[in-house]
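Visitor: I have just opened this entry and would like a guided look. Could we go through it together?
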Amino acid sequence: QVQLVESGGGLVQAGGSLRLSCVPSGRTFSGFAMGWFRQHPGKEREFVAAIRWSGGSIYYADSVKGRFTISRDNAKNTVYLQMNNLKPEDTAVYYCAANFGVLSTTSQYWGQGTQVTVSS
């Protein structure tokens with residue numbers, strides 16, 4: 001059974017930092033894209049960042065460029081999202097996702113979500 005287990009969410013003041021972690025298991029992820037989406041209350045899920053599990057391409061949403069950094073540690077089997085200079089509008093539930101090829105809102109595998117709340 002494939003699982004994506006997220007951790008690292010919480011409450012932080014504006015300007016602060018958080019690091020989200022995602023540990024995938026249950027299959028090999030060679031050829032997969034891994035990444036993060038977020039969902040604001042009452043809105044659709046939106047793309048945040050993506051990285052190839054085997055290395056290479058990295059992508060960011062314009063709204064987080066320069067503030068968020070996605071990375072992976074294959075030895076620890078973990079994908080990270082380092083979030084700096086957080087803003088109240090970053091408040092959302094953040095989901096880890098995995099899909100063969102390209103990530104989208106219809107990606108095959110999803111984590112349970114972790115809440116990030118940024119206070120002003």
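**A first walk through the chain**

Guide: The chain has 11 strands and zero helices; helices (H or I, at least four residues) and strands (E, at least two) are DSSP runs, numbered from the N terminus. This is a predicted model, in which local features need pLDDT of at least 70 and side-chain atom pairs count only at pLDDT 80 or more, while totals for chains, interfaces and linings use all residues. Residues are numbered from 1 along each chain as its sequence is written, and side-chain values use heavy atoms, with hydrogens and water left out.

Visitor: What radius of gyration does the chain have?

Guide: The chain has a radius of gyration of 13 Å, which agrees with the value near 14 Å for a compact globule of 120 residues. That radius is taken over C-alpha atoms, and the globule rule is 2.2 Å times the number of residues to the power 0.38. Along the principal axes, the C-alpha atoms fill a box of roughly 40 × 25 × 25 Å.

Visitor: How much of the chain is buried?

Guide: Of the 120 residues, 42% count as buried. Buried means under 20% relative accessible area, exposed over 50%, and partly exposed in between (1.4 Å probe, protein chains only).

Visitor: Which strands form the open sheet, and in what order?

Guide: Four strands form it, in the order β1-β3-β8-β7, with antiparallel pairing. Two strands pair if DSSP finds at least two bridges between them. Strands of a sheet pair through backbone hydrogen bonds, either parallel or antiparallel.

Visitor: Which are the edge strands?

Guide: They are β1 (3–7) and β7 (68–73), each of which pairs on one side only.

Visitor: And how many bridges join β3 and β8?

Guide: Strand β3 (residues 18–25) and strand β8 (residues 78–83) pair over five bridges; one bridge joins Leu18 to Met83 in β8. Between β7 and β8 there are six bridges, also in the antiparallel sense, and Ile70 has Leu81 of β8 as its bridge partner.

Visitor: Changing topic: which residues touch the most other members of the largest nonpolar core?

Guide: Met34, Trp36, Leu81, Met83 and Tyr94 do so, in a core of 28 residues. A nonpolar core is a set of buried Ala, Val, Leu, Ile, Met, Phe, Trp, Tyr and Cys residues joined through side-chain atoms within 4.5 Å. Strand β9 gives the most to this core, with four residues. Apart from it lies another core of five residues, among them Ala33, Phe37, Ala50 and Leu103.

Visitor: Back to β3. What does Ser25 touch?

Guide: Not counting residues up to four places away in sequence, Ser25 touches Gln1, Val2 and Gln3, where contact means heavy atoms within 4.5 Å. Ser25 and Val2 are 23 residues apart in sequence and 5.6 Å apart in space, C-alpha to C-alpha. Ser25 has a relative accessible area of 31%, so it is partly exposed.

Visitor: Where is Asn77, and what is its phi?

Guide: Asn77 sits in the loop between β7 and β8. The hairpin of these strands has four residues between them, and Asn77 takes a positive phi near 55 degrees there, although Asn77 is not a glycine. Because its relative accessibility is 28%, Asn77 counts as partly exposed.

Visitor: What about Asn85?

Guide: Asn85 has a positive phi too, near 50 degrees, and is a residue other than glycine. Asn85 is found in the loop between β8 and β9 and, at 42% relative accessibility, counts as partly exposed.
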